[in-house]
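Please look through the sequence and the structure below before reading on. The paragraphs that follow begin with the confidence of the model and then turn to its architecture.

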Amino acid sequence: MKRYLLFCLLFALAIQAQAQLKFLSRHEVPSELYDPVFEMVGTEEGVVSFRTVPEKGLNFKQKFQYFISDLELKSESGLIEFPVKDGYQMIGYDYFEGMLYVLFAKGYNSIGDKYVLQIELHTKKGLEFDVSNVLEMELTEFLVQERKVIFMGTSDSRPVLQILDLDTKSVHTLQGIYGNDTQIMQIRKMPESKSLEVVLSRKGVYKNRDILINTYDLNGNLLREVKVDQFGEQGQGIMDGMLVSTGQYQEAMIGAFGLERRNTYQGMYIMDLNEFGEYNFKLYTLEDFPNFYNYLEGKSREKREADVLKDLDKEKTPEIINKYAIRDIRQKEDAYYIYFDQFTVSNNRSGYIPGVSSSNGGYRYDRWSRMGNTVLNDPIMGTRFPSQSYQVVPEFRYQSAHFVKVSKAGPVLWDNASTYNEMVTTYPEAFGEIAVVGEEFYHMFVENLILKLSYFNKGEKIFENLEFEIKLINENERIQDTNVESLRLIHWYDRYYLMSGTQKIRYQANDRTEQVREVFFLTKILVDGDLYQPEELPD
């Protein structure tokens, strides 16, 4: 009888666990398991997915494919195709006001000849524009705003940023960018003022690094320059950062700070910036984050917390022993929700350095997460992290994810953390995706075909890394195989996530024979942590 009760309880717990995550809808497109994956861009109506793929046969030609999905993943127009010039590959893309812009380069080298394909998504009309008059550069970023194409890359190991007008063919080079010991940290499009902001890190006079926040119009004219050369105490500096608009011409830059020359992290800063270029800082250390070590258990956590107290008793700023990188910021009217990852770069011979001093790891990419794709098989990531710039491919060992809710007035409202259990990956950017719904906070990622979900309510950890298998909507079908490296998971909107990848699906045909189809899929996922009710097993 006791075994029967235990079985019933375990079964009930399994059913309940699935309640926190539901696979709501799915869309499929025919695709072989190891074909190039579709890129995804959010639109006003849903999402557009697109890729280049070789044509069948031995002609070595490529074709460009795209399809549009609404919020329920329904696609009325189906798969639409455009030819690609012989020998060209997609190396960049952007979306602006109903138009998809795709950058193609000859071969796999971003320095080669290029052209832009402009697609009006609803009319399915495409136009090609030559890009022959832009400076040769190793491309890092491709953006479009108001029919102005923005190219950012490096030339002679120095950053360069140019704007090409698609109508007049004129090219403008932004001043104040090209220089030694200079890195571009972020480019932020500002459609409301028809301008863009560029965040730069540059070595200062005393070997410390200054942060520059430059605003340009779309003709490349410098409208404003803010030089951040006063920060914290002697030796402290900004390690990374993300610039966000807070409304009414106000901005905030949030990131990690520490002892720059020692590459040691000490905590988080928030820099408030007004319309006149005036700024002030708020600094937060481990003293402000009592739950920082909540990803550890038992004596391990107690030891780390005791070390923090010892440093504070000696009036020392406690140090964060690993890399501490900002990943995402969500805002409410009166508060920020901030997500950091803590990790190490396992292979020191790789040459990869994250943060403001890096020529290859400091730029904040303006795209949905590309989780799961490796640098070596991804032409878009390959422009950001070219393999030839490393002695060996870097590996990242993830310790923990950290979450903070901070009032815009200054105080920390809550903080918490979850573990990655020493997960090792070659993926160089944020690995998890967060969602904020009221007082609910979610963090989710994929590891070895398993979705792992953590849930916090009003800052309290309700559950951590609850595991879910990838499932189909049709219960009569089965997953035969999944290309692990094709999987991507992004937070879409509200409490909904979007997952994509390629799979082999086993199903029964009309004649009752077993068949297998290969597809690229999109799946809409709902998370609802309030359905979680932990129960204790009987003795």
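What is the mean pLDDT of the chain, and what percentage of its residues reach 70 or more? In this predicted model, the mean pLDDT of the chain is 88, with 87% of its residues reaching 70 or more. Some stretches call for more caution: over residues 4–15 the pLDDT stays under 50, and the model has nine contacts for them beyond four places in sequence. Over residues 382–390 the pLDDT likewise stays under 50, although here the model has 23 contacts beyond four places in sequence.

Turning to the chain as a whole, one finds three helices and 34 strands. Of its 539 residues, 55% count as buried, while its accessible surface comes to about 25200 Å², 47% of which belongs to carbon and sulfur atoms. When contacts between residues at least 6 apart in sequence are considered, 55% of them join residues at least 24 apart.

One part of the strand architecture can be followed in detail. Strands β23, β24, β25 and β26 form, in that order, an open sheet of four strands with antiparallel pairing. Its edges are β23 (323–331) and β26 (412–425), each of which pairs on one side only, and from one strand to the next the twist averages 20°. Within this sheet, β24 (residues 335–345) and β25 (residues 396–407) run antiparallel and are joined by eleven bridges; to locate the register between them, the reader may start from Y337, which stands opposite K405 in β25.

Methods. Residues numbered from 1 in each chain as written. Predicted model: local features only at pLDDT ≥ 70, side-chain atom pairs only at ≥ 80, totals over all residues. Heavy atoms only, no water. Pairing = 2+ DSSP bridges. Helix = DSSP H or I, 4+ residues; strand = E, 2+ residues; numbered from the N terminus. Axes fitted to C-alpha atoms, helices over the stretch in contact; angles between N-to-C directions. pLDDT = per-residue confidence, 0-100. Contact = heavy atoms within 4.5 Å. Buried < 20%, exposed > 50% of the residue type's maximum accessible area, 1.4 Å probe, protein only. Areas by Shrake-Rupley, 256 points an atom, 1.4 Å probe, with all protein chains shown as cover.
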